[in-house]
Amino acid sequence: QARVWRQLWPLPAFRVFLALLAWAALSLCWATLEKPFDGLAALLSVLAFVLGWHAFAANDADRIRSLLLATGLGLSLCALGFTIRYVVAPMPDGRIVGFGIIATANYAAMLMGAVALWLSQLDIPDRGWSVLRWVAVGFPLVFIALTQSRGTWLALIACVQLMPLWRPERTVRWLALGILTLAIVALVATAAGWTVLLERGTSLRPGLFAQAWQLVAAHPVIAV
């Protein structure tokens, strides 16, 4: 709607977002994709999400809370469904995945990590919904554990350690301490010969980063 554009256009962050979106769309012209229109559809869905969020929620805290809660509960049920499917028919590499854009273990873990974090941060005054929220947080966490995505594990640990800065409740502090203790135990066990964390080898990201810089050096404009 025109009203949404009028409200968003003056915001510098929105203009930067549009510039990045335009560059991503332009890069599809030389990308080697089997289905280029799928990439365009993904970009349009991102734009629709941003505009739809503002049109629906704007600065209404109650609407934002309701939307995040409903979305989080829905994705939590998806995590439960994926987990049941994984138990019945495990993947060949032993790592759980979702479907669509989260059909890879790492992407799926990142999404479910975000779900677990925003559900845990919501300020829900109703006790019943609050209890349901905490139950729902468990499903994405189990899913993340089954992805074996060590980067997501590390990111969650870091977030939980920082949570007491904006959520100083005693429960949050105890949660942060408990997670830190588990992380230290896992590191000590790994140093003592526990091989679970290293079974998939070391990360491929340094090699991928080096390859990316080689592409940038060879094609300074389009490689970006």
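Leaving aside neighbours within four places in sequence, with which residues is S120 in contact? S120 is in contact with R133, W134, V137 and R167, where contact means heavy atoms within 4.5 Å.

## Basis of the report

This is a predicted model, in which local features need pLDDT of at least 70 and side-chain atom pairs count only at pLDDT 80 or more, while totals for chains, interfaces and linings use all residues. Residues are numbered from 1 along each chain as its sequence is written, and side-chain values use heavy atoms, with hydrogens and water left out.

## Overall architecture

The chain contains nine helices and zero strands. Its pattern along the sequence is α-α-α-α-α-α-α-α-α. Helices (H or I, at least four residues) and strands (E, at least two) are DSSP runs, numbered from the N terminus. Taken along the principal axes, the box filled by the C-alpha atoms is roughly 50 × 50 × 35 Å.

Of the contacts between residues at least 6 apart in sequence, 57% join residues at least 24 apart.

## Surface and charge

The chain has 224 residues, and 25% of them are buried. Buried means under 20% relative accessible area, exposed means over 50%, and partly exposed lies in between (1.4 Å probe, protein chains only). The exposed area of the chain is about 15,000 Å², of which carbon and sulfur atoms supply 73%. Accessible areas come from the Shrake-Rupley method with a 1.4 Å probe; for residues, only the protein chains shown count as cover.

There are 16 positive and 9 negative side chains, and the centres of these two sets lie 4 Å apart. Lys and Arg count as positive and Asp and Glu as negative, whereas His and the chain ends are not counted. The place of a charge is taken as NZ of Lys, CZ of Arg, CG of Asp or CD of Glu.

## The second largest pocket

The second largest pocket has a volume of about 640 Å³. Its lining consists of 19 residues, and those closest to its centre are S45, F49, L75, I101 and L111. Three helices each supply at least two residues of this lining: helix 3 (36-56), helix 4 (61-88) and helix 5 (105-121).

A pocket is defined on a 1 Å grid over the protein atoms alone, as an open set of points where a 1.4 Å probe fits, with protein on both sides within 12 Å along at least five of seven lines; lining residues have an atom within 4 Å of a point. Grid points are joined across faces, edges and corners, and a volume is the space filled by probe spheres set on the points.

## Helix 5 and the loop after it

S120 is found in helix 5 and counts as buried because its relative accessibility is 9%. One of its contacts is R133; S120 and R133 are 13 residues apart in sequence and 7.5 Å apart in space, C-alpha to C-alpha. Q121 is also found in helix 5, but counts as partly exposed, at 24% relative accessibility. Leaving aside neighbours within four places in sequence, Q121 is in contact with R133, M163, W166 and R167.

I124 is placed in the loop between helix 5 and helix 6. At 12% relative accessibility, I124 counts as buried. Beyond its neighbours within four places in sequence, I124 is in contact with L69, W129, S130 and R133.

## Helix 6 and the loop after it

G138 lies in helix 6 and is partly exposed, with a relative accessible area of 27%. From C-alpha to C-alpha, G138 and A79 are 9.5 Å apart in space, and they are 59 residues apart in sequence.

Q148 is found in the loop between helix 6 (127-147) and helix 7 (150-162). Q148 is partly exposed, with a relative accessible area of 27%. Although Q148 is not a glycine, its phi is positive, at about 60°. Most residues other than glycine have a negative phi.
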